[in-house]
Protein chains: 2
Amino acid sequence: MEPRTTVILAAGLGTRMGGKPKGLLKVAGREILYRTMTLLQRNGVERFVIVTNERYAQLYREFLERHGFPAEVIINPEPEKGNGHSLHLAKGKASGRFVLVMSDHVYSEAFVERSIKGNGLIADRRPRWVDLNEATKVKVENGRVERIGKNLKEWGAVDTGFFILDGSIFETTEALERDRNGDYSLSEVVERAKLPVTFVDGLGWTDVDTPEEIKRARRMLVKTAIKGTGDGFVSRHLNRKISTEISALLVDWVTPNGITAVTFALGILSALLTLGNLPLAGILYQLSSILDGVDGEIARASLRTSRLGGYIDSILDRYVDGAFLALLAYSTLNEPPWYLIALLALLGSVMVSYSTERFKGAFCRDAYSEVPALRKLPGKRDERVFLTMLFLLYPAPVSIKALFVILAILTNLRVAIVVYEILRWGQRL
Amino acid sequence: MEPRTTVILAAGLGTRMGGKPKGLLKVAGREILYRTMTLLQRNGVERFVIVTNERYAQLYREFLERHGFPAEVIINPEPEKGNGHSLHLAKGKASGRFVLVMSDHVYSEAFVERSIKGNGLIADRRPRWVDLNEATKVKVENGRVERIGKNLKEWGAVDTGFFILDGSIFETTEALERDRNGDYSLSEVVERAKLPVTFVDGLGWTDVDTPEEIKRARRMLVKTAIKGTGDGFVSRHLNRKISTEISALLVDWVTPNGITAVTFALGILSALLTLGNLPLAGILYQLSSILDGVDGEIARASLRTSRLGGYIDSILDRYVDGAFLALLAYSTLNEPPWYLIALLALLGSVMVSYSTERFKGAFCRDAYSEVPALRKLPGKRDERVFLTMLFLLYPAPVSIKALFVILAILTNLRVAIVVYEILRWGQRL
């Protein structure tokens, strides 16, 4: 059964962050807890219990009210003691299987989706976004925690701060309450309970202790926020590497729609530039193609995706491509036969997108997910734009004619293959 | 509660149809009962009871087996007696609310959808597809059947052969069994029970008694099988009137995919003809646009719609339009500025469809249903094709240039308005 309740430990005084509650720090435009709680809700969690200190309680209550989260705030009057006691205070509030999570950890969508299906301590054998000096290491034996701590010499994985527990954990905290007079860490609870370990390796998560680490978390969110099923070769190996860096820089400051508008303007500008300076037009076109990934990355990283945003983005992309090819043909071609090629290249360029989008319209499913053979098929927008830029770097009449011929064949052939593959898929249904 | 059971009266000997069971006659490529039962299943019916005679029982059993319908066959050993007794034989087989329907009546999708929500006798005050001399008339008083019969002088509606009943009807048949020694018609049951009446007016239904009436039923199915949310002015007032007549002629003989292929070939031929004879090219283009409705009409009328078929049709339409505009531009235009207009007209022509289809891809809903303001917006394909034909009837360089200018503005302006309306719709969400 999937956990319906989540306990959040948020009593730590966060001395290195200016005394602000770390769960309310914004990373990629959203409070850390907004993100964690939203992702948990999407995965079936219905109720939250936040254990915090007297100083932060009011701030957390305002936050919960603002976003309408179904949560209860419990106060730990002695936050300076170990955080094991904070967990103990949630006793009686969480029944059945429940999630335990830290308020200062930032998790990606994929991480939460996978981890919520785990059991016990969720550990990462290939942590990508944490400082190993600061990380809590875990030694695992026979699928259970053998030892846990920051200074372990021998260890196999790192504690992600994400747990799937059940009521039996409170027997352990009960014992520690007696033995340690209420001052014991969560790690001590974990070690004494010999929690089972589930490995969730290499996905996006990190913790935030210093302002520097906020930047790292932001970058992690953007880098893990690529959808990418429709990405071509150039996008995977070049555009995304650059666009995610731009997104990481901008995610706190701009809206996805703002980026969409700038990308469109840049694309139209590049089309107009074909009337003057072809190499520059090509380079600007490629830049707009890189920037074209940023709106989606920022939207996903800041949990602001909108179908309407994707719709508008897609329409504008078609117009940028259409304007670029039309004006390039206008400024470089003279004879009707070459215009015929240009018309076919423009038609094919829109139809590449039409052939997969129309599939979604008909079947309500993503063509690339349903028909994986389409993924590696060349001719996607990122590839066409890059190719166009290359041909325009040293423009000559013959190379521009060659570009139009290649685009006309590449795009329309791709559409024919897409239709063929979709027909084959339809027969297998 | 929606009816889960349907009783079908199929014991009549059908003397005027060569003694074949009428429920198994094919209309628009499907047995009458296949259609009725499929439509009822789509509307929640789970179980069928077919009352037939000894001669037909085996044929009906084979039919049920072939299509895998969950049905039971009951034999009326005295089919020459009135059909009220056939209903009585279903006693104990139908509990709660159930549908009673005649095996020789052909119903459209819309009729079944509406009628199944009714109560008692479903009557039609504006029957469009029946011979009033042969029809069973109903006199209604206070919402109930007062009199019913073929030769009523005073009547307000026609019996559609479709009923929503419950177990209490068998009290009436029980009484008639005693009074009439098992020989009484369904009409007598209806009249004696004073069934409530639900009016479902003007929708597609008819009965089949003679070969002539099979043709009428076929035509009814085609005429009521227009989806039409995406139809423009020319389609509604011209193309559909012709295409449905073609569909009615062809529905028994051709597959939707066959028509799609012919339509595509005709469209490409019309595009090639722009290189030779412009008026003829335009006329052929318009003919292919008319024929473009036939595949969908035949598919719907014969319950053979397929999303894949719609997908392919849509891709091919874009290529016909693209080829027509590209070759028309190639054969009539000479100067780069006019080619720029042609490129924009071609881009806009594909984008008209892209802008509504991409909406479906994003939202899994039909743009015309969600945003009704889009329905009356000019610039749909049927209108563009018709306009193109008009301009090509007396082709002159200036009129062709005017055509491209009009198409470039009309299509791209339409896309802009579509996007604007969809954005407004998005804000209301």
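Trainee: Hi! What do the buried residues of H16(A) pack against?

Mentor: In this predicted model, they pack against helices H12 (307–332), H13 (336–363) and H15 (381–393) of chain A, together with helix H12 (307–332) of chain B.

Trainee: Nice. Which residues of H16(A) are buried?

Mentor: Among them are Ile400(A), Leu403(A), Phe404(A), Leu407(A) and Ala408(A). Further along, Thr411(A), Asn412(A), Arg414(A) and Val415(A) are buried too, as are Val418(A) and Ile422(A).

Trainee: Any general rule I should keep in mind while looking at those numbers?

Mentor: Yes, a handy one: an α-helix has 3.6 residues a turn, so residues three or four places apart point the same way.

Trainee: How many residues does helix H16 of chain A have, and what does it reach from its first C-alpha to its last?

Mentor: It has 32 residues, 397–428, and reaches 47 Å, close to the 46 Å expected.

Trainee: Switching to the whole chain: how many helices and strands are in chain A?

Mentor: Chain A has 16 helices and 13 strands. Its C-alpha trace spans about 90 × 50 × 45 Å along the principal axes, and 52% of its 429 residues count as buried.

Trainee: Back to chain B. How many of its residues are in contact with chain A?

Mentor: 36 residues of chain B are in contact with 36 residues of chain A. On the chain B side, H12, H13 (336–363) and H16 (397–428) each supply at least two residues. The largest share, 19 residues, comes from H13(B).

Trainee: And what's that side like by class?

Mentor: The side of chain B that touches chain A has 24 nonpolar, seven polar and five charged residues.

Methods
Residues numbered from 1 in each chain as written. Chains lettered and ligands numbered in written order. Predicted model: local features only at pLDDT ≥ 70, side-chain atom pairs only at ≥ 80, totals over all residues. Helix = DSSP H or I, 4+ residues; strand = E, 2+ residues; numbered from the N terminus. Expected span 1.5 Å × (residues − 1). Buried ≥ 20, exposed ≤ 12 C-beta atoms within 10 Å, placed from the backbone. Contact = placed C-beta atoms within 7 Å. Nonpolar A, V, L, I, M, F, W, Y, C, P; charged D, E, K, R; others polar.
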